[in-house]
Amino acid sequence: MSGQYESPSGADGRRRAEGASRGGVRTERPGEGGRVPAPRPGGRAEARRAAQGKDGRGRTDGARAEGARKDGGRADGARAEGGRAEARRAAGGRRAEAAPTGGRAAARNSRKPKRNVKKTVAWSVAGVMVVLAGCGGAIYYKLNGNIKSFDAGAVSTDRPPEATADANGNKPVNVLLIGSDSRAGKNSDLGGGDEDGARSDTTILLHVYADHKHAVGISIPRDALVTIPKCKLPNGKWTEEKSGQMFNSAFSVGNTETGNPACTQNTVEKLTGIRVDHTIEVNFEGFSAMTEAVDGVDVCLPNDIYEGNINPNLGKKGKIVLPRGKQKVSGQKALDYVRLRHGIGDDSDVGRMKRQQAFLSSMMAKVKGEGLNPTTLLPLADAATKSMTVDPGLDSAKKLMDFALSMKNIDLHDVKFLTAPWRYNGPRIDLVHPAVDNLWKTLQADRTIDGQDATGKQEDAPASPTAAPETTSAAPTPAAVDTPIKVAVYNGTTANGLAAKAAETLKAAKVTVTTVTGAKSTNKATTTVEYGSGQKANAEKVAALFPGATLAPTSAAGISLVLGKDYAAANAGAAAPAAGTPSAPAPLPSEVVSEARSADDDICSNVSYG
């Protein structure tokens, strides 16, 4: 199957922008060079124990004993759920040691429940590295030896300051994810085209908030006109700063087959004023291998895609490559999906970025759903580390593992994706000011895209005693509710800081706040408490905390508090900053916030533009 065609220079920017998302990681096919080699005796058992936190007898909870050798007849591929006893039963019906009597039913009851991974998001490459803690020496050193890093001396010395820690000592982390389209080696077979050098097909700046429970990924259009600062060439010399350059040309500085990720990092820092803590780059071959390692990723398209859409040089419509609707893709087809530009929407890179965001979300959900299973994740980890190029701060398996563990509590719903505010400028793209400036300032201040505070405060923290007093129309200090209640808070206005203030009111009443974000509509007149089946009594208790709030039954589960203009008017001065403190960034336009995608959104939604 032919790869995506790269149009000649000077073509319309809407057709040039080939942004192929790689899931933030580089991978290589497990089949290239063989499967992950079996560790020495004891290595696999040791990996299972460490990965699952079980005792020295090798009891595991979900690890697959594929190809394991065990004196006494353990079969190849026996599933190790429930420990040694379960594996022996799968191998040949041998009696399980230490299993309770009572036959098959009792044995089933003796199994330990699977580890709850609901709140664990394995972020592409980095997420799979959590299994390294239990890898035997042979596997660990293999993965460690796979990793390549770029020259630390190529990073600019004129950098934004490091983020400061919040009251709990936590810092936000900014990760630059680069998808490159180098034609070197087997990449030319996958990507198509015959140009030398490498280009960045897609770039996403991932901001992990200080609480390490929320994250947002900002797609930067490859055709956006930006200033490229001084960058280091392969011969050791530095270029001069140039303005009005296409963003993706930063990766091509030096015209090498491996690209220049350090120059892209320098450009992003110059553009955003945000210090990039880590950079991860992946190419075609790595991306393809990673999707095969996870046995495919679920995607969705609004219409059929033909061979001629994938390669406009084909000269004919050809056969259907990607059918309309939901499907699972891997390898070349996965690459076709994330690089697809023609035959859908307005044929632009803007629509393609939306599909890349949808693909990343779906892949994260796939890895999360598999759980922390070494048999599933080790091939992915091998493919990923073999294919990635990273900054020196992530140049070992241990560093990647530590980074992954720092993000283990991010839920899919709390990972957002959006594109930096933009508009067409002929064949190119301009970033829209001041909206894009407010976006960068929002991330610098570690605030969510709807302007809420995300500095890692404890869930049950009481309202600040120095907060501005309530107006006469606001609620008095709330009494604690007598039953556990969970509420999602949405700001249905353009006023800044309302959702955070309402969350404080709920927490002071011992109500658990599950979400603090913006509503789809920012023109809500009256504050409303929406509730699902069986939640009316709890909804009434929540509404009592917000005088004037109305109740509204919905088909959705749980309780949602949607703040209206009445609440904004009653709390007009409540979020004013103290004297001498920096003012909060201006709120982002509602159309920017409304376009944001959550990682748990339907895979068929928001995958096209125009």
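**Notes on a predicted model: two sheets, two cores and some unusual backbone positions**

1. In strand β4, V173, V175, L177 and G179 point one way, while N174, L176, I178 and S180 point the other way, and all of these residues are buried. The structure is a predicted model, and this strand is a convenient place to begin reading it. β4 is mostly covered, with eight of its eight residues counted as buried.

2. The pairing of β4 can be followed to either partner. With strand β5 (residues 200-208) β4 runs antiparallel, and eight bridges join the two, L177 standing opposite I204 of β5. With strand β9 (residues 278-282) β4 pairs in the parallel sense over five bridges, and here L177 has I280 as its bridge partner. In general, the strands of a sheet pair through backbone hydrogen bonds, in either the parallel or the antiparallel sense.

3. These strands belong to an open sheet of eight strands, in the order β3-β14-β9-β4-β5-β6-β15-β23, with mixed pairing. Because β3 (148-149) and β23 stand at the edges, each with a single partner strand, one side of each is left without a neighbour in the sheet. At the β3 edge, two bridges join β3 to strand β14 (residues 389-390), and the two strands run parallel; K148 has T389 as its bridge partner in β14. Helix α8 packs on this sheet, where it touches β4, β5, β9 and β14, and its direction makes about 130° with that of β4.

4. Which residues have the most contacts inside the largest nonpolar core? They are V216, I218, V268, L418, A420 and W440, in a core that has 36 residues. The elements that give two or more residues to this core are β4 (173-180), β6 (215-219), β7 (225-228), α8 (261-272), α12 (349-370), β17 (428-431), α15 (435-444) and α19 (590-594). Of these, α15 gives the most, with four residues. Apart from this core lies another, of 26 residues, among them F284, A293, L301 and I344. As a general matter, nonpolar side chains in soluble globular proteins tend to be buried together.

5. A420 offers a closer view of the 36-residue core. If its neighbours within four places in sequence are left aside, A420 is in contact with I218, S219, P221, L431, V436, L439 and W440. Among these contacts, I218 and W440 are themselves listed with the residues that have the most contacts inside the core.

6. A separate point concerns an open sheet of five strands, ordered β19-β18-β22-β20-β21, whose pairing is mixed. Here β19 (512-518) and β21 stand at the edges with a single partner strand each, so that one side of each is left without a neighbour in the sheet. The twist averages 20° from one strand to the next. At one edge, β20 and β21 run parallel and are joined by four bridges, and L551 in β21 is the bridge partner of V529.

7. Two helices pack on this five-strand sheet. Helix α16 touches β18, β19 and β22, and its direction makes about 170° with that of β19. Helix α17 touches β18, β20, β21 and β22, and its direction makes about 165° with that of β20.

8. Where around the axis of α17 do its buried residues lie? In this helix (residues 536-544), N538, A539, V542 and A543 are buried. They cover an arc of only 140° around the axis, which puts them on the same side of α17. The buried residues pack against β18 (486-491), α16 (498-508), β20 (528-531), β21 (550-553) and β22 (559-563).

9. Some backbone positions deserve a second look, since most residues other than glycine have a negative phi and most peptide bonds are trans. A cis peptide bond joins H433 and P434, with omega about 5°, and P434 is placed in the loop between β17 and α15. D295, a residue other than glycine, has a positive phi near 60°; it is placed in the loop between α9 (284-293) and β10 (297-301). D295 counts as exposed because its relative accessibility is 53%, the cut-off for exposed being over 50%. N606 also has a positive phi, near 55°, and is found in the segment after β23 (597-598). At 28% relative accessibility, N606 counts as partly exposed.

How values were computed
Residues are numbered from 1 along each chain as its sequence is written. This is a predicted model: local features need pLDDT of at least 70, side-chain atom pairs count only at pLDDT 80 or more; totals for chains, interfaces and linings use all residues. Side-chain values use heavy atoms; hydrogens and water are left out. A nonpolar core is a set of buried Ala, Val, Leu, Ile, Met, Phe, Trp, Tyr and Cys residues joined through side-chain atoms within 4.5 Å. Buried means under 20% relative accessible area, exposed over 50%, partly exposed in between (1.4 Å probe, protein chains only). Contact means heavy atoms within 4.5 Å. The arc is that of the directions from the helix axis to the C-beta atoms. Two strands pair if DSSP finds at least two bridges between them. Axes are lines fitted to C-alpha atoms, for helices over the stretch in contact, and angles run from 0 to 180 degrees between N-to-C directions.
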